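Good morning, colleagues. I should like to use this short slot to walk through one model, beginning with the sheet and ending with the loops. Please have the display open beside you as I speak.

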Amino acid sequence: MIKITDSNFAAEIENSDRPCVIDLYADWCMPCKMLAPVLDELESEYPDIKFCKVNVDESPAVARAFGVSSIPMVALVKDGTFLDASVGFVPKATLAALIGKTFNK
């Protein structure tokens, strides 16, 4: 998973040639820790999608750009455009369905 910060957000997300699944999390957040292995599994199942992580405490500008008010938040972006999101811990099947619906996979 690619670590996204305020400084590399434009290059990695806004200018990405692939759809992006972005995990907005914090190190102290237990649901975030529970979601991490789910996203790791999905990353291996969707090699044509870029999976990224953003620590909201370390990258507040990115968190503001997505309007994060609760974490974990998984944002789906394509061609630099925010398309959809999931907030809170959700099962793998729920995220897979969201990815499939949003990116037509």
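In what order do the five strands of the open sheet lie? The order is β1-β3-β2-β4-β5, and the pairing is mixed. Before I go further, I should state that this is a predicted model. At the edges of the sheet are β1, residues 2–4, and β5, residues 81–87, each of which pairs on one side only. Direction ignored, neighbouring strands of this sheet are turned by 30 degrees against each other on average.

Let me now take the pairings in turn, starting from β1. Strands β1 and β3 run parallel and are joined by three bridges. Within that pairing, Lys3 stands opposite Lys53 in β3. On the other pairing of β3, Lys53 is the residue that Asp23 stands opposite. Strand β3 covers residues 50–55, and six bridges pair β2 with β3 in the parallel sense. Leu24 has Val54 of β3 opposite to it.

The antiparallel part comes next. Strand β4, residues 73–78, is joined to β2 by five bridges, and the two run antiparallel. Here Leu24 appears again, standing opposite Met73 in β4. Met73 in turn has Val87 as its bridge partner in β5. Strands β4 and β5 also run antiparallel, with six bridges between them. As a general reminder, strands of a sheet pair through backbone hydrogen bonds, either parallel or antiparallel.

I turn to the burial of the strands. How many of the six residues of strand β2 are buried? Six of the six are, so β2, residues 20–25, is largely enclosed by the rest of the structure. In a regular strand the side chains alternate between the two faces of the sheet. For β2, both faces are covered: Cys20, Ile22 and Leu24 are buried on one side, and Val21, Asp23 and Tyr25 are buried on the other. Strand β3 is mostly covered, with five of its six residues buried.

Ile22 serves as an example from β2. Its relative accessibility is 0%, and because buried means under 20%, Ile22 counts as buried. Leaving aside residues up to four places away in sequence, Ile22 touches Ile13, Cys52, Val54, Phe66, Met73, Val74, Ala75 and Val77. As for separation along the chain, Ile22 and Ala63 are 41 residues apart, while their C-alpha atoms are separated by 11 Å.

We come to the helices. Helix α2, residues 30–45, forms a right-handed β-α-β unit together with β2 and β3. At what angle do α2 and helix α4 pack? The angle is about 45 degrees, and the axes of α2 and α4, the latter being residues 92–103, are 10 Å apart. That angle makes α2 oblique to α4. The contact involves Leu35, Val38, Leu39, Glu41, Leu42 and Glu45 from α2, and Lys92, Leu95, Ala96 and Ile99 from α4. The crossing of α2 past α4 is right-handed.

Helix α4 also has a relation to the sheet. It lies across β2, β3, β4 and β5, and runs at about 165 degrees to β5. Leu95 is a residue of α4. Is Leu95 buried or exposed? With a relative accessible area of 2%, Leu95 is buried. Not counting residues up to four places away in sequence, Leu95 touches Leu35, Val38, Leu39, Leu42, Val74, Ser86 and Val90. Leu95 and Gly67 are 28 residues apart along the chain, with 20 Å between their C-alpha atoms.

Finally, two points of backbone geometry deserve a look. Which residues does a cis peptide bond join? They are Ile71 and Pro72, with omega at about 0 degrees. Pro72 has its place in the loop between α3, residues 60–65, and β4. The second point concerns Asp79, in the loop between β4 and β5. Phi of Asp79 is near 55 degrees, a positive value in a residue other than glycine. Asp79 counts as exposed, at 62% relative accessibility.

To close, I return to the middle of the picture. Strand β2 pairs with β3 in the parallel sense and runs antiparallel to β4, and its six residues are all buried. Thank you for your attention.

Terms used: Residues numbered from 1 in each chain as written. Predicted model: local features only at pLDDT ≥ 70, side-chain atom pairs only at ≥ 80, totals over all residues. Heavy atoms only, no water. Buried < 20%, exposed > 50% of the residue type's maximum accessible area, 1.4 Å probe, protein only. Helix = DSSP H or I, 4+ residues; strand = E, 2+ residues; numbered from the N terminus. Pairing = 2+ DSSP bridges. Right-handed = clockwise from strand over helix to strand, strands pointing away. Axes fitted to C-alpha atoms, helices over the stretch in contact; angles between N-to-C directions. Parallel < 35°, antiparallel > 145°, perpendicular 65-115°, else oblique. Left-handed = near helix turned anticlockwise from the far one by under 90°. Contact = heavy atoms within 4.5 Å.
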